[in-house]
Amino acid sequence: MERWKDRVALVTGASVGIGAAVARALVQHGMKVVGCARSVDKIEKLAAECQSAGFPGILIPYKCDLSNEEEILSMFSAIKTLHQGVDVCVNNAGVARPEPLLSGKTEGWRMMIDVNVMAVSICTREVYQSMKERNVDDGHIININSMNGHSVVPQSVVHFYSATKYAVTALTEGLRQELREAKTHIRATCLKAEDMANAVIYVLSAPPHVQVLRFLSFIHLKNTAILFEEKNHG
């Protein structure tokens, strides 16, 4: 993780749960972390805790509604002005609504699409452009996923949510292919793990010539499956 010290990471949905744990872990490893959420009270509290703990990095709270593209673009503009750009993006924010396919409300479906699919895509595009503008060729885009993005369970209330998580799986693979076509060493990873914060640190610590495509931790099997490839840097 030494090479990421003092570099900038964006963590979406950083106010609670996985996002907060990932933000804390990155700050602990010396990164400047922009943590965004619709409400930043909890992020501000976490930032104070990180500072009190003497962590070498810093957590910067940023209020952003990820269902609103204008707010996302405004956030990236602010990051560019204050911190030059983003080197690591952790697309963690997600929304689950109990809206079955046969009786769900369109509003709930749309919210899941906007946050789970559109926000991930917009943030990914903006992060890549930020890296490209600054000639950053070793950045990393990490999409936090769910087991619902790999299997459809027999529970009607999660079927639409599962569809959005399958989209994340497809988006990550498509991103990997486009990055390869662009002949860049920027990496993309899809994560679902029992300990997500440690999983993020693991993939960021991988050598530059190793691409971790998917990191899946199956709790009930008590084992971990990691798919990776060696990249030829010529």
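Helices and strands here are DSSP runs, numbered from the N terminus. By that count, Arg7 sits in the segment before β1, a convenient place to enter this predicted model. The protein has six helices and eight strands, and along the sequence they follow the order β-α-β-α-β-α-β-α-β-α-β-α-β-β. Of its 234 residues, 50% count as buried. Among contacts between residues at least 6 apart in sequence, 63% join residues at least 24 apart.

Arg7 itself repays a closer look. With a relative accessibility of 17%, Arg7 counts as buried, because the cut-off for that class is under 20%. Leaving aside residues up to four places away in sequence, Arg7 touches Met31, Lys32, Asp87, Val136 and Asp138. Two of these names, Asp87 and Asp138, return in a network of salt bridges that links Arg3, Arg7, Asp87, Arg134 and Asp138.

Side chains of opposite charge can pair when their charged atoms come close. The structure holds eight salt bridges, and three of the pairs are described here. In one of them, the side chains of Asp138 and Arg3 meet with N to O at 3.4 Å. Asp138 belongs to the loop between α4 (106-133) and β5 (140-144), while Arg3 belongs to the segment before β1 (8-12), so this salt bridge ties together parts that lie 135 residues apart in sequence. Both partners are partly exposed: Asp138 has a relative accessibility of 27%, and Arg3 has a relative accessible area of 30%.

Helix α4 takes part in the other two pairs. Arg125 forms a salt bridge with Glu69, and their closest N and O atoms are 3.2 Å apart. This pair links distant parts of the chain, with Arg125 in α4 and Glu69 in α3 (residues 69-83), 56 residues apart. Arg125 is partly exposed at 39% relative accessibility, and Glu69 is partly exposed as well, at 37%. Glu133 in turn forms a salt bridge with Lys80, where the closest N and O atoms are 3.5 Å apart. Here too the link is between α4, which holds Glu133, and α3, which holds Lys80, with their positions 53 residues apart in sequence. Glu133 is exposed, with a relative accessible area of 52%, whereas Lys80 is partly exposed, at 48%.

Strand β4 comes next. In a regular strand the side chains alternate between the two faces of the sheet. In β4 (residues 88-91), Val88 and Val90 point one way and Cys89 and Asn91 the other way, and all of them are buried. Strand β4 has β1 as one partner: the two run parallel and are joined by three bridges, with Ala9 having Val88 as its bridge partner in β4. Strand β5 is another partner of β4, again parallel, and four bridges join the two. Within this pairing, Val90 stands opposite Ile142 in β5. Together, β4, α4 and β5 make a right-handed β-α-β unit.

Helix α2 offers a view of how a helix can present separate faces. Spanning residues 41-52, α2 has 12 residues and reaches 17 Å from its first C-alpha to its last, close to the 16 Å expected at 1.5 Å a residue. An α-helix has 3.6 residues a turn, so residues three or four places apart point the same way. In α2, the residues Ile43, Leu46, Ala47 and Cys50 are buried. These four cover an arc of only 105° around the axis, which puts them on the same side of α2. The face of α2 turned away from that buried side carries the exposed residues Asp41, Lys45 and Ser52. On the buried side, the residues of α2 pack against α1 (17-28), β2 (32-37) and β3 (58-63). Just after the helix, Gly54 takes a positive phi of about 80°.

Terms used:
Residues numbered from 1 in each chain as written. Predicted model: local features only at pLDDT ≥ 70, side-chain atom pairs only at ≥ 80, totals over all residues. Heavy atoms only, no water. Salt bridge = Lys/Arg side-chain N within 4 Å of Asp/Glu carboxyl O. Buried < 20%, exposed > 50% of the residue type's maximum accessible area, 1.4 Å probe, protein only. Pairing = 2+ DSSP bridges. Right-handed = clockwise from strand over helix to strand, strands pointing away. Expected span 1.5 Å × (residues − 1). Arc of directions from axis to C-beta. Contact = heavy atoms within 4.5 Å.
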